[in-house]
Amino acid sequence: MAEPRIPAGFDFTDPDLCARRVPAAELAELRRAAPVWWQAQQRGSAGFDDDGFWVVTRHADIVEISRSSHLYGSWENTAIIRHVRTVTQESLDMQRLILLNIDPPEHTKLRGIISRGFTPRAIANLRDALAERAERIVRAALEEGTGDFVADVACELPLQAIAELIGIPQEDRKQIFEWSNTMVGDEDPEFADSGLAAAAQLLGYAMTMADERRKCPRDDIVTKLVNAQIEGGHLSSDEFGYFVLILSVAGNETTRNAISHGMLAFFDHPEQWDLFVAERPQTTADEIVRWATPVTVFQRTARADTVLGGQEVKAGQRLGLFYRSANFDEDVFDSPEKFDITRSPNPHLGFGGTGAHYCIGANLARLEIDLIFGAIAQAMPDIRKVGDPERLRSGWLNGIKRLPVSYH
Ligand code: HEM
């Protein structure tokens, strides 16, 4: 294979680069010429005490890693590939309490309990409440005439969905939303530093909620998760706290960005918008998630010396699973550069590489995307862009901060 043409010093997780654009052309170059490529980094520059990581770009290799938790762990260095500050033992210990960073066998038991909240029935039960919320969000935006699509529309439903799922009382929601928003925007200077404090407050709130339900059980999901009487185990108050924390991180910003990028994709492909308004294809949400790939990359750490895609990988080395690249892999998708809401099959890895950590909220996310675009198509099919989107500064999230639109 020829040497890949990647400029010297290029860093695939550089937040300043990602604030400008997704490195799509460079990822395509690696898929072609060096599908498992060493990203050299100055020691400590990404928060880790090492000299870089392997950039993994092909769909097949990412699936292989995701399905081999015994060989590629999430616990060692967590799933987040880039940090603003040095990763200390203390912050590692804290991150290792959330599902995303726990490996089997502990992961299997915890996920078994948590999945009680995500059964098809539990998600179906949310449909009516969320449909009503989607309509209300869109109606309020329409009354404004013009505005920021991210703040007015994309932000709201994912927050409401998590609050509905957990049963957070209406009067507490505003505060919870503020904590979640502060927590996730950590790498962006606009949100810096207050993240940890917000996480601690959210954690405290959730733990208290768990304690209360244990004392006074109700017919709700919190009780189902924390009640020791239920067969198959239960979550301690701490575990429940971290469960709420991961939902706020994993289910909030990801879905928001899928919705914002989806809207942008429709602006850029008006014929697809016309098709959606007329026919509402069932395949739309998955194509939006493929196209948006809100999580550009998560990482794993090799537990033993191994070989991946012909490349030797040493124990202890980190590997970046570039879902964004897998979702445009020419070996898997016909015309991957085409935004096609009727695409089928669509084996995208936007929700992960189909292993133990595959997104537990995938069906909820699909429902939210269907409902919000359904409501937009119904109430304001003539929505249009009136300014350029502003991107989030993050080395691993493909985020949009602002998107000026006219709702009429
Ligand atoms: C479009 C929206 C979403 C995207 C793109 C997304 C993406 C992902 C990805 C890439 C993973 C890691 C998969 C892996 O490592 O193999 C993940 C895990 C997870 N997601 Fe999502 N997600 C979305 C929405 C949600 C929602 C709505 C929720 C819940 C309310 C949620 C909860 C979680 C949880 C709890 C995990 C950890 C699962 C585990 O470690 O076992 N996600 N998600």
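Two strands pair if DSSP finds at least two bridges between them. The legends below describe close-up views of a predicted model.

**View 1. Strand E8 and its partner E5.** Strand E5, residues 297-302, runs antiparallel to E8, and five bridges join the two. Within this pairing, Phe298 stands opposite Leu321 in E8.

**View 2. Strand E8 and its partner E2.** Strand E2, residues 52-56, pairs with E8 in the parallel sense. Four bridges connect E2 and E8. Here Val56 stands opposite Leu321 of E8. Leu321 thus appears in both views, opposite Val56 of this view and opposite Phe298 of the previous one.

**View 3. Burial of strand E8.** Strand E8 spans residues 318-322 and is mostly covered, with five of its five residues buried. On one side of the strand lie Arg318, Gly320 and Phe322, which are all buried. The other side carries Leu319 and Leu321, also buried, and both faces of E8 are covered.

**View 4. The shell around the ligand.** The ligand has 29 residues around it. Those that come nearest are Gly251, Gly352, His357, Cys359 and Gly361. By class, the shell holds 18 nonpolar, 10 polar and one charged residues.

**View 5. Helices contributing to the ligand shell.** Helix H12 (237-268) and helix H16 (362-379) each supply at least two residues of the shell. The helix that gives the most is H12, with seven residues.

Terms used: Residues are numbered from 1 along each chain as its sequence is written. This is a predicted model: local features need pLDDT of at least 70, side-chain atom pairs count only at pLDDT 80 or more; totals for chains, interfaces and linings use all residues. A residue is buried if 20 or more other C-beta atoms lie within 10 Å of its own, exposed if 12 or fewer, and partly exposed in between; C-beta atoms are placed from the backbone. A residue is near a molecule or strand if its C-beta atom, placed from the backbone, lies within 6 Å of it. Ala, Val, Leu, Ile, Met, Phe, Trp, Tyr, Cys and Pro count as nonpolar, Asp, Glu, Lys and Arg as charged, and the others, Gly among them, as polar.
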